[in-house]
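Me: I have a structure that is new to me. Please take me through it in short questions and replies.

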Amino acid sequence: MMLSPELTAAAQALGESLRRHPLVQAYHEAVAQCEADREAVDLEGRLYVLYTDLVRRQEEGEVLARAEVQFFNDLKQRVFQQPSIRAPRGRAGRAQALPRGYCR
């Protein structure tokens, strides 16, 4: 679908304005810090692999052992305690964790 030149120009201006917004810049800085943190990348990857395995097994009717669920919960807690994933308070004063998958 072809967009009019006016609409294209307006969309580009909006994108540029958003890119310069302090919250968007802070978000991109937090993602870059997270990606540079090898431990955070490793922990998040391990959590994702374990999560998908546990979900698949549950969907197949398996009852998970309490120890497996506790191991998952402990790993999840370690992941979200990583400073680069927790993301420091930005200029807006709000602390936010990065969504899953942004630390790879």
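The questions and replies below go from the whole chain to single residues.

Me: What kind of model is this, and how are residues numbered?
Reply: This is a predicted model, where local features need pLDDT of at least 70, side-chain atom pairs count only at pLDDT 80 or more, and totals for chains, interfaces and linings use all residues. Side-chain values use heavy atoms, with hydrogens and water left out, and residues are numbered from 1 along each chain as its sequence is written.

Me: How many helices and strands are in the protein chain?
Reply: Helices (H or I, at least four residues) and strands (E, at least two) are DSSP runs, numbered from the N terminus. From that end, the elements run α-α-α-α-α. The count is 5 helices and 0 strands.

Me: What share of the residues in the protein chain is buried?
Reply: Buried means under 20% relative accessible area, exposed over 50%, and partly exposed in between (1.4 Å probe, protein chains only). The protein chain has 104 residues. Buried residues make up 20%.

Me: Among contacts between residues at least 6 apart in sequence, what share joins residues at least 24 apart?
Reply: A contact means heavy atoms within 4.5 Å. Among contacts between residues at least 6 apart, the share joining residues at least 24 apart is 66%.

Me: Which helix gives the most to the largest nonpolar core?
Reply: A nonpolar core is a set of buried Ala, Val, Leu, Ile, Met, Phe, Trp, Tyr and Cys residues joined through side-chain atoms within 4.5 Å. The largest one has 11 residues, including Cys34, Leu47, Phe72 and Ile85. Helix H3 (38–59) and helix H4 (66–81) each supply at least two of its residues. The most, 5 residues, comes from H3.

Me: What does H3 span from its first C-alpha to its last?
Reply: The expected span of a helix is 1.5 Å times one less than its number of residues. H3 has 22 residues, and 32 Å is expected. Its reach is close to that, at 32 Å.

Me: Which helices do the buried residues of H3 pack against?
Reply: The buried residues of H3 include Ala40, Leu43, Leu50 and Arg57. Leu47 is also among them. Leaving aside neighbours within four places in sequence, Leu47 contacts Phe72, Leu75, Lys76, Val79 and Phe80. The buried residues of H3 pack against helix H2 (22–36), H4 and H5.

Me: How far apart in space are Arg46 and Val79, C-alpha to C-alpha?
Reply: Arg46 is in helix H3 and counts as partly exposed at 37% relative accessibility. Not counting residues up to four places away in sequence, Arg46 touches Leu75 and Arg78. Arg46 and Val79 are 33 residues apart in sequence, but their C-alpha distance is 9.4 Å.

Me: Is Gln82 buried or exposed?
Reply: Gln82 lies in the loop between H4 and helix H5 (83–86). Not counting residues up to four places away in sequence, Gln82 touches Asp37, Glu39, Ala40 and Leu43. Its relative accessible area is 11%, so Gln82 is buried.

Me: Which residue forms a salt bridge with Arg20?
Reply: A salt bridge is a side-chain nitrogen of Lys or Arg within 4 Å of a carboxyl oxygen of Asp or Glu. By this rule there are 8 salt bridges. Arg20 and its partner are 4 residues apart in helix H1, about one helical turn. The closest N and O atoms are 3.4 Å apart, and the partner is Glu16.

Me: Which residue in helix H4 pairs with Arg57?
Reply: Arg57 counts as buried, at 11% relative accessibility. Within H3, Arg57 meets Asp53 in a salt bridge (3.2 Å, N to O). Another salt bridge (2.8 Å, N to O) joins Arg57 to Glu68. That pair links distant parts of the chain, 11 residues apart, and the residue in helix H4 is Glu68.

Me: Which residues form a nonpolar patch on the surface?
Reply: Patches of this kind join nonpolar side chains (Val, Leu, Ile, Met, Phe, Trp, Tyr) within 5 Å, from residues with over 30% relative accessible area and no salt bridge. One member is in helix H1 (residues 5–20) and is partly exposed at 46%. Together the patch has about 380 Å² of accessible area (Shrake-Rupley method, 1.4 Å probe, only the protein chains shown counting as cover). Its residues are Met1, Leu3 and Leu7.

Definitions and conventions
Patch = residues over 30% accessible without salt bridge, like charges linked within 9 Å, V, L, I, M, F, W, Y side chains within 5 Å.
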